[in-house]
Amino acid sequence: MSQADDLDPFRSVREWMACELRERRKVAGMTQLELAQFLRVTKPQIQHLEAGRRAFHKDHAEALDELWPTGQLFLKLYTHQHREHDREWFRRYTGYECRADDIRIFQPLVIPGLFQTPAYTRALLESSRAPDLDEAVSARTARQEILDRDDPPEVWAIIMESVLRNPIGGPAVLREQLARLLEIAHCPNVTVQVIPTRAGAHVGLDGGFVLLSVDDERIAFVEAQLSGRLVRDEGESKELAVRYNRIRAKALSEDDSLTLIASILEDLSHAASD
């Protein structure tokens with residue numbers, strides 16, 4: 001069974017759009033190549049659209065509504081998809097994350113999931129009353145395997161200084177976590193930068209997000225309470241990329257960031273020995 005066959009139009013607007021595209025193309029007697037030529041894209045891009053792996057652009061939706069008598073169906077679906085909170089965001093996000101060749105993280109509240117120790121993850125998930133705690137911890141830890149693959153992604157992470165000082169799980173858990181963060185930060189494909197408390201107000205205070213580069217497409221994930229939102233709109237992704245650069249301008253240099261992390265870890269170790 002292909003991924004397109006597994007789509008469920010009742011599950012999300014994104015999958016509804018993919019099903020509509022595939023069904024209407026077949027009814028019209030068009031091949032994927034012919035539709036690609038009409039939309040001025042490649043055949044693989046049509047395959048991604050029909051499998052729900054790639055988001056529609058607004059001009060694609062408008063062009064399809066002109067091609068077929070849809071009553072502006074594709075434009076309506078595009079508008080709702082753009083606003084939709086993805087109920088299956090985590091499954092989709094991890095699917096993109098494991099294929100990404102470039103990952104840019106801004107996390108103002110906790111250590112990014114790719115860098116978390118099992119004990120730190122457990123403390124976080126316990127506080128949120130996550131079901132199947134052991135399974136959830138294992139799943140988050142398994143995501144870190146992408147850092148050890150033969151062709152690991154380039155990972156850029158910006159975190160707030162307050163994250164380094166928040167004793168999630170207690171002092172011992174935080175010490176282990178900061179030691180792990182320093183270890184990962186010395187990998188050649190990982191860059192960690194810290195925004196010092198003295199930086200004051202900046203656009204990052206609006207909330208955390210992640211930018212992924214996957215198959216020549218920029219995908220973003222924006223965090224929210226209870227859920228999150230995958231962003232595949234080109235304009236919105238570009239705006240988040242601009243925000244990321246503005247946030248990074250507030251951060252310490254890579255070397256100064258590692259020095260700060262090491263200093264906080266040293267203070268915690270001294271406090272534990274007193």
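1. Phe106 and Phe209 are both buried in this predicted model. The two rings form a tilted aromatic pair, with 6.2 Å from centre to centre and 55° between the planes. Phe106 belongs to strand S1 and Phe209 to strand S4, so the pair links parts of the chain that are 103 residues apart.

2. Phe209 also pairs with Tyr244, this time edge-to-face, at 6.2 Å centre to centre and 75° between the planes. Here the link runs from strand S4, which holds Phe209, to helix H11 (residues 234-248), which holds Tyr244; the two residues are 35 apart in sequence. The relative accessibility of Phe209 is 5%, which counts as buried. Tyr244 is buried as well, with a relative accessible area of 1%.

3. Taken together, Phe106, Phe209 and Tyr244 make up one aromatic cluster. The whole structure contains four aromatic pairs, among them Phe106 with Phe209 and Phe209 with Tyr244.

4. Turning to charged side chains, the count is eleven salt bridges. One of them joins Arg99 and Asp215, with an N to O distance of 2.4 Å. Arg99 sits in the loop between helix H6 (89-97) and strand S1 (102-107), and Asp215 in the loop between strand S4 (209-214) and strand S5 (217-224), so this salt bridge ties together parts that are 116 residues apart in sequence. Both ends are partly exposed: Arg99 has 35% relative accessibility, and Asp215 has a relative accessible area of 40%.

5. Arg165 and Glu161 form a salt bridge within a helix, their closest N and O atoms being 2.9 Å apart. The two residues are four apart in helix H9 (residues 161-165), and therefore about one helical turn separates them. How exposed or buried is each partner? Arg165 is partly exposed, with a relative accessible area of 44%, whereas Glu161 is buried at 11%.

6. Helix H10 (residues 171-185) holds the salt bridge between Glu183 and Arg180, whose N to O distance is 3.6 Å. That value still lies within the 4 Å cut-off. The spacing in sequence is three residues, about one helical turn. Glu183 is exposed, with a relative accessible area of 52%, while Arg180 is partly exposed at 25% relative accessibility.

7. Salt bridges also link Asp206, Glu239 and Arg243 in a network. Helix H11 (residues 234-248) is the element that carries Tyr244 of the aromatic cluster.

Note on methods:
Residues numbered from 1 in each chain as written. Predicted model: local features only at pLDDT ≥ 70, side-chain atom pairs only at ≥ 80, totals over all residues. Heavy atoms only, no water. Buried < 20%, exposed > 50% of the residue type's maximum accessible area, 1.4 Å probe, protein only. Phe/Tyr/Trp six-rings, centres within 6.5 Å; stacked < 30°, edge-to-face > 60°.
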